[in-house]
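This report is meant for a reader who is meeting the structure for the first time. It moves from the whole chain to one helix and then to a few single residues.

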Amino acid sequence: MEKTFNLTRRDDGIAILTMDVPGESMNTLKAQFGPEISEILAEIKSDSSIRGLVLISGKKDSFVAGADISMLDACKTAGDAKALSQQGHVVFNELEALTIPVVAAIHGACLGGGLELALACHQRVCSDDGKTMLGVPEVQLGLLPGGGGTQRLPRLVGITTALDMMLTGKQIRPKQALKMGLVNDVVPQTILLQTAVEMALAGKRAPKPVKKSLVNQVLEGTSFGRNIIFDQATKQVEKKTQGNYPAPAKIIDCVRQGIAKGMQKGLEVEASHFAELVVSKESEALRSIFFATTEMKKETGAEGASPRKVKKAVILGGGLMGGGIASVTTTKAKIPVRVKDISEKGLSNALAYAYKLLDKGVKRRHMTPAARDNLMALMTTTTEYKGVKDADIVVEAVFEDLALKHQMVKDIERECGEHTIFASNTSSLPISQIAEAATRPENVIGLHYFSPVEKMPLVEVIAHAKTSPETIATTVAFARKQGKTPIVVQDGAGFYVNRILALYMNEAAQLLLEGQSVEHLDKALVKFGFPVGPITLLDEVGIDVGAKISPILEKELGERFKAPAAFDKLLSDDRKGRKNGKGFYQYGASSKKAKAVDESVYGVLGIKPGTNKDAKAVAERCVVQMLNEAVRCLEDGIIASPRDGDIGAIFGIGFPPFLGGPFHYIDTLGAANLVRILEGYQSQFGNRFEPCERLKTMAQENAHFF
């Protein structure tokens, strides 16, 4: 059997321990490595000629990317998970207890268990490469660092910094790591090993005290001050998680107990908390999302088809969407883009938009001005169809008007090559209708981005009946290069995401008209786990946009999509939401950080807010509409699988990740239970709540999606 750890000895007495997991592109820590490491450590202890040890990775771009997540799914009980954490503690404690100096030489990803391994070494040096990132992202999987990280990190970089890293899961760049004392040195990759060897030869050194801000020095120096830090952190966490995620509170408790009662006690608490989190339903849901997205990265989106290479893209329309799409294409995908707009103003908007986003990177010192300018040089503009002939893909982001989109298809077929893909960023028009104007309908596809483009991770790739598999595969690969998570959906009004969102929003509107206050509605759904409430979302997206989509959905999909008539009153009062500073909430200089409701909106709608119903009941009524419609989309073949439906809802509209997505959540609730709830509402409010056929069948057969 090939070994993962190989020990070589140098003439100067330094031994190099290289970690290289056979047959994998990245190093991950696995349970079965324990005995192998212990054996090597025993060998090192018994060899008096070894004066120091350097730990390095045999992979070209990663140190250790973390622990192997699939190990956790193999844990049947909390006891199994606890044993896993304790085994890590034993090995890392042995490493730390070596009497010779141990140095970690870090290049590439050093995350989770990888950073915990590095923390157990006496010193750390990392490369100054852009690929080098350090962090403990376990919280994003509903877990905590279970290999001693909650104990070693605060002792090294200070409590406040360590909590910030563990509670956000953020990744630290080399320069930051040096400044915070996470590493002892940063050097070019070419001399990384040599520097680590020199550090080992120089012997063990007491770590330099971390430079803390005055406030942190005062607070971290006394038990009274530390309690203030822990209490503040707990308050912030509760506000952010709404009590839906158990991991952050447990992370704080591990640090608190470890600092108060010592390392040994801290490690015991860490192993227990880690075990409880591994078997929690929240972590299980978050891990299922991780596996689903990993699995999707390997798929082309079209069985048996390979993507063509995209060397140049054209964006039609320099508005907010066009500017955003152009920007992610140049900065993330590094593909040259030509933006075409009828007016110079649109073009300068698109350029300014991209520049502003890149300049943030320069201001934060993540990027040099020269790198920013090189990326900006990838974007060119035109008001006529010039310099577009060699485009591999054209993304159309013009006004939602079918005649206009037909004109665009004809223009592109005339001006570009026979293989050029025409991708429409429409949010509601069926792609088959857009393709009617094409002589090459196999090249026409939908590519639906969400606003703001640079922040929202999802895109829907929409195939109509005549779209070729190669067009699908090329578009999926293009979206991935832009840093997006694409899901392939079939053509139909509203596609998947907007279709399930529309019923949820309509129900919130109905509740508003029944006398629930704006704040109460938004708070109820944030408490349920959505990032923002439905009314805030309507203001953000634009009340006018919502009004445009509703009739299209109603015409194609039927009565249940009918939006409340009262909403026309908002538009006749010129309320479009944030974009024109007039909506449900107050905007403008006078409005403080916490947005206030514009109370005059109630008068416009002709309602008076009455007594607020129970928040859980309010949330349930909106959410079951979304769940029912998600199953209908699966039934209609709009989405290919429950997995795609979960990913689409989480990344497209912020469906609560700890619930695993609509389909995972239906499994948790039980189909029979959901049908009962829907039928209860149906008898009260009418047929818009009628459960779909597939749900009824599943309820009878006690079936599950997963």
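The accessible surface of the protein, which is a predicted model, comes to about 31000 Å², and 54% of that surface belongs to carbon and sulfur atoms. Of its 706 residues, 55% count as buried. The protein holds 30 helices and 17 strands, and because its radius of gyration of 28 Å is close to the 27 Å that the globule rule gives for 706 residues, it is as compact as a globular protein of that length. Measured out along the principal axes, the C-alpha trace spans about 80 × 60 × 55 Å.

Among contacts between residues at least 6 apart in sequence, 74% join residues at least 24 apart. As for charge, the protein has 87 positive and 81 negative charges, and their mean positions are 6 Å apart.

One helix can be followed in more detail. Helix α12 covers residues 263-278, and since its 16 residues should span 22 Å at 1.5 Å a residue, the 22 Å between its end C-alpha atoms agrees with that expectation. The buried residues of α12 include Leu267, Val269, Phe274 and Leu277, and Glu270 and His273 are also among them. These buried residues pack against α2 (70-73), α3 (78-96), α5 (149-157), α11 (247-261) and α13 (281-297).

Which residues does Val604 touch, leaving aside those up to four places away in sequence? Val604, which lies in helix α25 (residues 600-605), touches Lys569, Leu570, Asp573 and Arg575. Val604 and Asp573 are 31 residues apart in sequence, while their C-alpha atoms are 7.5 Å apart in space. With a relative accessibility of 21%, Val604 counts as partly exposed.

Some backbone angles also deserve attention. Most residues other than glycine have a negative phi, and most peptide bonds are trans. Ser451 and Pro452, however, are joined by a cis peptide bond with omega of about -5 degrees, and Pro452 lies in the loop between β15 (444-449) and β16 (458-463). Two residues that are not glycine have a positive phi, as the table sets out.

| Residue | Phi | Relative accessibility |
|---|---|---|
| Gln242 | near 55 degrees | 23%, partly exposed |
| Phe495 | about 55 degrees | 0%, buried |

Both of these residues are found in loops: Gln242 lies between α10 (223-241) and α11, whereas Phe495 lies between β17 (485-490) and α20 (497-513).

Key
Residues numbered from 1 in each chain as written. Predicted model: local features only at pLDDT ≥ 70, side-chain atom pairs only at ≥ 80, totals over all residues. Heavy atoms only, no water. Helix = DSSP H or I, 4+ residues; strand = E, 2+ residues; numbered from the N terminus. Rg over C-alpha atoms; globule rule 2.2 N^0.38 Å. Buried < 20%, exposed > 50% of the residue type's maximum accessible area, 1.4 Å probe, protein only. Contact = heavy atoms within 4.5 Å. Areas by Shrake-Rupley, 256 points an atom, 1.4 Å probe, with all protein chains shown as cover. Lys, Arg positive; Asp, Glu negative; His and termini not counted. Charge placed at Lys NZ, Arg CZ, Asp CG, Glu CD. Expected span 1.5 Å × (residues − 1).
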